[in-house]
Amino acid sequence: MIKIKFLKKLPVSGGKCPPATQDLKLNTKNRNASIKAEHIQYGPLNLSDETYWERAAEHWNTTPDVAKKSKCGNCVAFDISPRMDDCMPGPVSDKDGRLGYCWMHHFKCHSARACYTWAAGGPIKEDKVSLEWQEKGEK
């Protein structure tokens, strides 16, 4: 089990920023572990990588077109709440989507990517829900 020490106290919304939002080395370590882990397979690095989506489709027993709809941006653990935006070190959007925080794998994640542990029901948009996920992670 990963023990998490939260940093940077947030004045308005309460709570503290997850360490990976403040520590590039830790974020990179967690992201890279999620890319390499057979049961996670975070990706694709190149969003037009059809091979990644074919593998994801095979994993989920569906088609690549359906797999492409199951992205971090609509995952239950993808946090884009105002408090999490305050934790990000810079701009959160680009032409392909936006950064958020993955509460499952503890790294800054891009909405256009996916992983094998994707779960429907997201993203997290409210500070209250974000704090609930943080509390779960601290236990």
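Are C17 and C87 buried or exposed? C17 is buried, and C87 is buried too. The close-ups below come from a predicted model.

**View 1. A disulfide joins C17 to C87.** The two sulfurs lie 2.2 Å apart. A search of the whole structure finds 1 disulfide. The pair links distant parts of the chain. C17 sits in strand β2 (residues 16-17). C87 belongs to helix α5 (residues 82-87). The two cysteines are 70 residues apart. The torsion about their S-S bond is about -90 degrees, so this disulfide is left-handed.

**View 2. C72 is in no disulfide.** The nearest cysteine sulfur belongs to C109. That sulfur is 3.0 Å away. A disulfide needs two cysteine sulfurs within 2.5 Å. C72 has a relative accessibility of 7%, so C72 counts as buried. C72 is also among the residues in contact with R113.

**View 3. C75 is buried, and its sulfur is too far from any other cysteine sulfur for a bond.** The closest cysteine sulfur is in C115. The distance between the two sulfurs is 6.3 Å. The relative accessible area of C75 is 8%, which is why C75 counts as buried.

**View 4. R113 is buried yet has no salt bridge.** R113 lies in the loop between β6 (107-110) and α6 (127-138). Its nearest side chain of opposite charge is D94. D94 is 6.3 Å away. A salt bridge calls for a separation within 4 Å. What lies 2.7 Å from a polar atom of the R113 side chain? It is the backbone oxygen of P44. P44 is also in contact with R113, as are Y42, G43, L45 and L47. K71 and C72 complete the list of contacts, which leaves aside neighbours within four places in sequence.

**View 5. Helix α3 (residues 50-60) has buried residues on one side.** Y52, W53, A56 and A57 are buried. They cover an arc of only 135 degrees around the axis, so they are on the same side of α3. Which helix do the buried residues of α3 pack against? They pack against α4 (64-67).

**View 6. D49 and N61 flank helix α3.** At the start of α3, D49 points a side-chain oxygen at the backbone of T51. That oxygen comes to within 3.0 Å of the T51 backbone nitrogen. N61 comes just after α3. N61 takes a positive phi of about 60 degrees.

Note on methods: Residues are numbered from 1 along each chain as its sequence is written. This is a predicted model: local features need pLDDT of at least 70, side-chain atom pairs count only at pLDDT 80 or more; totals for chains, interfaces and linings use all residues. Side-chain values use heavy atoms; hydrogens and water are left out. Helices (H or I, at least four residues) and strands (E, at least two) are DSSP runs, numbered from the N terminus. Buried means under 20% relative accessible area, exposed over 50%, partly exposed in between (1.4 Å probe, protein chains only). Lys and Arg count as positive and Asp and Glu as negative; His and the chain ends are not counted. A polar contact is a pair of N or O atoms within 3.5 Å; within protein, one must be able to donate a hydrogen and the other to accept it, and residues adjacent in sequence count only if both atoms are side-chain atoms. Contact means heavy atoms within 4.5 Å. The arc is that of the directions from the helix axis to the C-beta atoms.
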